Amino acid sequence: MKINETQIAQVNDRIAALRKADNFYGKKLKALGITEIHTAEEFESLPFSEKADLREAYPLGLMTVPEEEIVRIHSSSGTTGTPVVIPYTAKDVADWATMFARCYETAGITKEDRIQITPAYGLWTAGIGFQAGVEKLGAMAIPMGPGNTDKQLQFMQDMKSTVICATSSYALLLAEEVEKRGLKDKIYLKKGVIGSERWGAKMRQRIQSILGIELYDIYGLTEIYGPGIGVNCKYDTGMHYWDDYIYIEIIDPTTLKPVPDGEEGEIVITTLVKEGAPLIRYRTHDISRIMPGECPCGRSYPRLDTIVGRSDDMMKIKGVNVFPAQIEEILRTFPEVSSEYQIRISHLDGKDTMRLYVETTGNIDFADLGERIAAKVKSKIGFTPIVKVVEIGLLPRSEKKTKRVIDERYD
Ligand code: ZN
């Protein structure tokens, strides 16, 4: 979906503000002599923004308005380096709440609902974003924050919560506790709004089957407001995102060129009206695609497919983009293999080859199992790996993160 004229005008306002603020992006624009853009092609020639740029701006270098206009900051956790600090103006905070309220509405949530919020409050953008959206919508917030499962379940019953907001792993934990304690008939939950983690279909089905609720995926990242920039509707055909606030393009992470709608690539986001810390062409490294066509719900907001992984993890084999998560998802459907696997990619006789090592227990026909796994990879992803089945315990284990992908093509 090419950028339209309204969005180009909004980007030009951001360009002017960034040049005036003379922060990292303002400097990039000045160095390139860019004062405004006129066409989609010119937009696509603007430089990208990277997380490293944002880190270097620590503590307040991203600020694009005079400090008296900043009413709040948020920050990413900083577990992998210097934190990223994002300053917000009052308008940014209000816009975020408007987007979040729209997410709830899209999920069919109304003023009548009682919304139990379990993500953390604080520097992180989660809890406070969920809260602001509830208040904007006019529903009742039950601001629990994380943890204290006993109290969560007590309030869930006594307050008759109808919506639970949580990470996927905490939603699963709560669901399993509800089952274990036999509380199913004492709770009133109808919907779950799940954010911030990639999660598989198995986990989703489990939460749904225990609690019997509809689940909605919310999208967002601290650098771009926080959660609330997109959500799926009841037809579950991808996440609608708010293109009056953000412009999304999907790029090929290798060539860095935009790909057509429907094709997978990296999500790149431009904030159209953000004041405190506007970002142009921010590389999220999340991999997805824009869903072509229209949603049966009739909303004109475009849609992003489920996030399948990070571009940092992507492997390109025989021209097909593959993520370890996709292989993992397939292996999960084979109960006879262990959780350990290893992927080795090599270049043999002019062809990319993937060897997939898996472990199994018991008296299984190794050759047959290997063939069945290879066939499933072929049907789901589009190429046939060489599957090597080995005895359980033979693959390397590590106390730290196990290295599962070895690319021998670049050795
Ligand atoms: Zn829809």
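These legends walk through several close-up views of a predicted model.

**View 1. Phe24 and Tyr25, an aromatic pair.** We start with one of the 6 aromatic pairs in the structure. Phe24 and Tyr25 meet edge-to-face, with 6.0 Å from centre to centre and 90° between the planes. Phe24 counts as buried because its relative accessibility is 19%, and the cut-off for buried is under 20%. Tyr25 is buried as well, with a relative accessible area of 2%.

**View 2. Trp242 and Tyr301, a pair that links distant parts of the chain.** Here the ring centres of Trp242 and Tyr301 lie 4.9 Å apart and the planes stand at 85°, so this pair is edge-to-face. Trp242 belongs to the loop between strand S9 (239-241) and strand S10 (246-251). Tyr301 comes from the loop between strand S12 (282-288) and strand S13 (303-304), and the two residues are 59 residues apart. How buried or exposed is each partner? Trp242 counts as buried, at 0% relative accessibility, whereas Tyr301 is partly exposed, with a relative accessible area of 22%.

**View 3. A cluster of rings and two charges over rings.** Phe100, Tyr104 and Phe130 are joined into a cluster by ring pairs. Which residues place a charge over a ring? Lys274 lies over the face of Tyr88, 4.9 Å from the ring centre. Arg283 has its charged end over the ring of Phe48, at 5.8 Å from the centre of that ring.

**View 4. Strand S2, covered on both faces.** Strand S2 spans residues 85-89, and 5 of its 5 residues are buried. In a regular strand, side chains alternate between the two faces of the sheet. For S2, one side carries Val85, Pro87 and Thr89, while Ile86 and Tyr88 are on the other, and all of these are buried. Tyr88 may be familiar from the previous view, as the residue whose ring face has Lys274 over it. The partner shown with S2 is strand S1 (residues 70-75), and the two pair in the antiparallel sense over 5 bridges. Look for His74, which stands opposite Ile86 in S2.

**View 5. The cavity and its nonpolar lining.** Rolling a probe the size of a water molecule over the atoms shows where empty space is left. In this model the count comes to 1 cavity of 30 Å³ or more, and the volume of the largest cavity is about 40 Å³. What lines the largest cavity? Its lining consists of Met156, Ile164, Ala171, Leu174, Ala175, Val178, Leu189 and Leu211. By type, these lining residues are 8 nonpolar, no polar and no charged. Helix H8 (residues 168-180) gives the largest share of the lining, 4 residues.

**View 6. Asp158 and Tyr188, apart in sequence.** Asp158 lies in helix H7 (residues 149-158). With a relative accessible area of 47%, Asp158 is partly exposed. Asp158 and Tyr188 are 30 residues apart in sequence, and their C-alpha atoms are 9.8 Å apart in space.

**View 7. An open sheet of 4 strands.** The strand order is S10-S11-S12-S14, with antiparallel pairing. Which strands form the edges? They are S10 and strand S14 (309-310), each of which pairs on one side only. S12 and S14 pair in the antiparallel sense over 2 bridges. Across from Arg310 in S14 stands Asp286.

Notes. Residues numbered from 1 in each chain as written. Predicted model: local features only at pLDDT ≥ 70, side-chain atom pairs only at ≥ 80, totals over all residues. Heavy atoms only, no water. Phe/Tyr/Trp six-rings, centres within 6.5 Å; stacked < 30°, edge-to-face > 60°. Buried < 20%, exposed > 50% of the residue type's maximum accessible area, 1.4 Å probe, protein only. Lys NZ or Arg CZ within 6 Å of the ring centre and 35° of its normal. 1 Å grid on protein atoms, 1.4 Å probe; cavity = no way out; pocket = protein on both sides within 12 Å on 5 of 7 lines; lining within 4 Å. Points joined across faces, edges and corners; volume = space filled by probe spheres on them. Nonpolar A, V, L, I, M, F, W, Y, C, P; charged D, E, K, R; others polar. Pairing = 2+ DSSP bridges.
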